[in-house]
Amino acid sequence: QKEILCEICHGSGCKPGTNKNTCSTCNGQGQVRKSRSMGFASFVTVEPCSACRGEGSIIQTPCSECKGNGKKKGTKKISFDIPSGVETGDYTVPEEGNEMPGGINGDLIVRIRVQPHPKFKRDGMDIFYDQDVSMVDAALGREIIVPTLDGTEKIKVESGSQPNTIIKLKGKGVPRMNSKNRGDQFVRIVVTIPKKLNKHQKNLLEEFEKSKE
């Protein structure tokens, strides 16, 4: 809710069909000069006109809807584009704040909260993503497909990759506001260990362990 122009008088503050009258006190100047003498010197001061409150005109017949204010409390629906790369914080929409009759509107301050993603984690302009890889694939190496903000990307898991190995995807992060540059995406290799093994699988692992001796 904000102050909007009165739809009855269109911001003039006057009853439809009537107009403002020029203030007779200041002759429409909105200010008056006052002089005073102190000994041999005289001083002139300029003050806002008290009759018209500095407006230069007087509303003789105020609008019944806004009582001569030219604006009132109301609501207005607007749409605007959220720029890429925006972070949690305040974002300014120019001239969509309180409407001012005959002047420039104020600004609308929108508080943006960036919701967390179930898989991607953001740190500034960089994106972090955890990729599960079986212990066999980590040991032997494999090409895998991972999601990015732009779709999917094929990456190579090198043979012998250790848990928490980081693979960098340059330029696959969040765009920087008002710039063509982007952050990076970092893929962390999470080596998964099976919780249950059948007898044959256990025997294979035991044979592998013995072969190292």
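Buried means under 20% relative accessible area, exposed means over 50%, and partly exposed is anything in between. Keep that in mind for the close-ups below, which all come from a predicted model.

**View 1. Lys71 and Glu3 pair up across two strands.** Here Lys71 makes a salt bridge with Glu3, and their closest N and O atoms sit 3.2 Å apart. Lys71 belongs to strand S6 (residues 71–74) and Glu3 to strand S1 (residues 2–5), so this pair ties together parts of the chain that are 68 residues apart in sequence. How accessible is Lys71? Its relative accessible area is 21%, so Lys71 counts as partly exposed. Glu3 is also partly exposed, at 22% relative accessibility.

**View 2. Asp130 reaches Arg188 from another strand.** This salt bridge has its closest N and O atoms 2.8 Å apart. Asp130 sits in strand S10 (residues 126–134) and Arg188 in strand S14 (residues 185–192), so the contact links distant parts of the chain, 58 residues apart. Asp130 is partly exposed, with 37% relative accessibility, and Arg188 is partly exposed too, at 30%.

**View 3. Asp137 and Arg142 meet, one buried and one partly exposed.** Their side chains form a salt bridge with an N to O distance of 2.8 Å. Which partner is buried? That's Asp137, since 18% relative accessibility falls under the 20% cut-off. Arg142, on the other hand, is partly exposed, with a relative accessible area of 44%.

**View 4. Glu7, Glu65 and Lys72 share a salt-bridge network.** These residues are joined into one network by salt bridges that have partners in common. Stepping back from the close-ups, how many salt bridges are there? The count comes to ten.

**View 5. Cys49 and Cys52 stay unbonded.** How many disulfides does a search of the whole structure find? It finds zero. Why is there no bond from Cys49 to its closest cysteine sulfur? That sulfur belongs to Cys52 and lies 3.7 Å away, which is too far for a bond, because a disulfide needs the two sulfur atoms within 2.5 Å. It works the other way round as well: from Cys52, the closest cysteine sulfur is the one in Cys49, again 3.7 Å off and too far. Both cysteines are tucked away by the accessibility rule: Cys49 is buried at 1% relative accessible area, and Cys52 counts as buried at 5%.

Methods. Residues are numbered from 1 along each chain as its sequence is written. This is a predicted model: local features need pLDDT of at least 70, side-chain atom pairs count only at pLDDT 80 or more; totals for chains, interfaces and linings use all residues. Side-chain values use heavy atoms; hydrogens and water are left out. A salt bridge is a side-chain nitrogen of Lys or Arg within 4 Å of a carboxyl oxygen of Asp or Glu. Helices (H or I, at least four residues) and strands (E, at least two) are DSSP runs, numbered from the N terminus. Buried means under 20% relative accessible area, exposed over 50%, partly exposed in between (1.4 Å probe, protein chains only).
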